[in-house]
Amino acid sequence: MTAVVTTLKTSEIIYPSADGEPVAETYDHLDAMITTLVVLKQYLADRRATVLANQFLYYAQGFPKLRVAPDVMVIFDVEPGGRDNYKIWEEGQVPKVIFEMTSPGTKSEDIINKKELYEGIEVQEYWLFDPRGEWIPEQLRGYRLGEDGYELIGDSRSEVLQLRLEIEGKLIGFYREDNGEKLLIPNELASALQAERQRAEAERQRAEAESQRAEAESQRAEAESQRAEAESQRAEAESQRAEAESQRAEAESQRAEAESQRAAELESLLASYRSQFGELPQDNG
């Protein structure tokens with residue numbers, strides 16, 4: 001199957017970027033479109049790809065009326081970032097995935113004209129999402145390009161994006177196939193960031209409390225060490241005083257012993273004197 005791209009060359013042809021038509025039929029369709037755009041842009045932020053929403057896709061050079069404005073289209077192997085419009089012959093790549101937020105009013109255009117066009121230019125996957133379930137009972141219907149054209153996707157998987165798609169109210173939920181994680185929509189991302197900030201603050205406060213407890217424990221240990229040192233010094237002083245008292249008592253004992261010996265010697269000398277000379281005369285003074 002060959003992409004429908006004409007090679008007519010001219011420098012005077014104008015390719016408008018707007019037609020004055022409303023962006024979306026209802027708020028639900030607009031919300032689904034913008035949410036899908038934001039989620040897929042975030043998902044592909046580190047890839048050489050771009051995601052565009054409600055912008056003209058020109059598929060035939062030289063024919064500015066041959067255009068379509070997909071609600072969301074994903075193009076790989078092009079420079080990231082936005083464009084005022086997208087010209088296949090300039091970029092060299094056809095969108096790989098297109099999403100249309102459909103309704104009963106756009107049903108015929110989406111299921112016939114656009115489906116045939118996207119199949120013709122070889123868009124690999126085409127997804128129709130009916131936010132209100134007005135004509136698609138399952139709300140989401142996808143087609144994948146096969147050998148004989150578009151084939152209905154039966155497992156809600158985007159092989160191109162490597163994502164699993166689920167209906168979540170009036171939005172499409174996207175889940176990574178490699179780890180099962182959901183691609184958060186803006187309000188979920190905001191809630192997750194808020195929760196992460198709260199966890200980080202709680203962790204900071206916990207760390208601060210641990211630091212304060214550790215500091216208090218260190219100060220308590222230091223005080224205990226100082227008290228123990230003071231007790232040791234007091235005990236040493238008591239020991240030294242007791243030793244000094246013991247030494248004084250020993251000295252007193254030795255002095256008393258010496259006095260006792262002198263007294264005994266004097267008594268013996270006096271007894272010897274009396275035995276030789278009799279009683280000493282009394283000093284009558």
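Two strands pair if DSSP finds at least two bridges between them. The exercises below apply this to a predicted model.

**Exercise 1. Find which residue of strand 3 stands opposite Leu57, and place the two strands in their sheet.**

Step 1. Strand 2 covers residues 57–58. Strand 2 and strand 3 are joined by two bridges. Two bridges are enough, because a pair needs at least two. The sense is antiparallel.

Step 2. Opposite Leu57, in strand 3, stands Val68.

Step 3. The sheet is open and holds three strands, in the order 3-2-5. Its pairing is mixed.

Step 4. Strand 3 (67–68) and strand 5 (86–87) are the edge strands. Each of them pairs on one side only.

**Exercise 2. Name the partner of Val51 in strand 4, and decide whether the faces of strand 1 are covered or open.**

Step 1. Strand 4 spans residues 72–76 and pairs with strand 1 in the antiparallel sense. Five bridges link the two.

Step 2. The bridge partner of Val51 is Val74.

Step 3. In a regular strand, side chains alternate between the two faces of the sheet. Now sort strand 1 by face. Ala49, Val51 and Ala53 lie on one side, Thr50 and Leu52 on the other.

Step 4. Both sets are buried, and both faces are covered. The count for strand 1 (residues 49–53) is five buried residues of five.

**Exercise 3. Describe helix 3: its span, its bend and its packing.**

Step 1. Helix 3 (residues 107–120) has 14 residues. From first C-alpha to last it reaches 19 Å, close to the 20 Å expected at 1.5 Å a residue.

Step 2. Locate the bend. Helix 3 turns by about 35° at Lys114. Lys114 is also among the buried residues of the helix.

Step 3. The other buried residues are Asp110, Lys115, Leu117, Tyr118 and Gly120.

Step 4. The buried residues pack against strand 3, strand 6 (97–101), strand 7 (125–129), strand 8 (140–146) and strand 9 (149–152).

Step 5. Look just past the helix end. Glu122 has a positive phi of about 70°.

**Exercise 4. Decide whether Asp178 is buried or exposed, and find its side-chain polar contact.**

Step 1. Asp178 sits in the loop between strand 12 (171–176) and helix 4 (186–277).

Step 2. Its relative accessible area is 56%. Asp178 is therefore exposed, since exposed means over 50%.

Step 3. The Asp178 side chain makes a polar contact with the side chain of Arg176, at 2.6 Å.

Step 4. Asp178 and Leu163 are 15 residues apart along the chain. Their C-alpha atoms are separated by 8.6 Å.

How values were computed:
Residues are numbered from 1 along each chain as its sequence is written. This is a predicted model: local features need pLDDT of at least 70, side-chain atom pairs count only at pLDDT 80 or more; totals for chains, interfaces and linings use all residues. Side-chain values use heavy atoms; hydrogens and water are left out. Helices (H or I, at least four residues) and strands (E, at least two) are DSSP runs, numbered from the N terminus. Buried means under 20% relative accessible area, exposed over 50%, partly exposed in between (1.4 Å probe, protein chains only). The expected span of a helix is 1.5 Å times one less than its number of residues. The bend at a residue is the angle between axes fitted to the seven residues ending there and the seven starting there. Contact means heavy atoms within 4.5 Å. A polar contact is a pair of N or O atoms within 3.5 Å; within protein, one must be able to donate a hydrogen and the other to accept it, and residues adjacent in sequence count only if both atoms are side-chain atoms.
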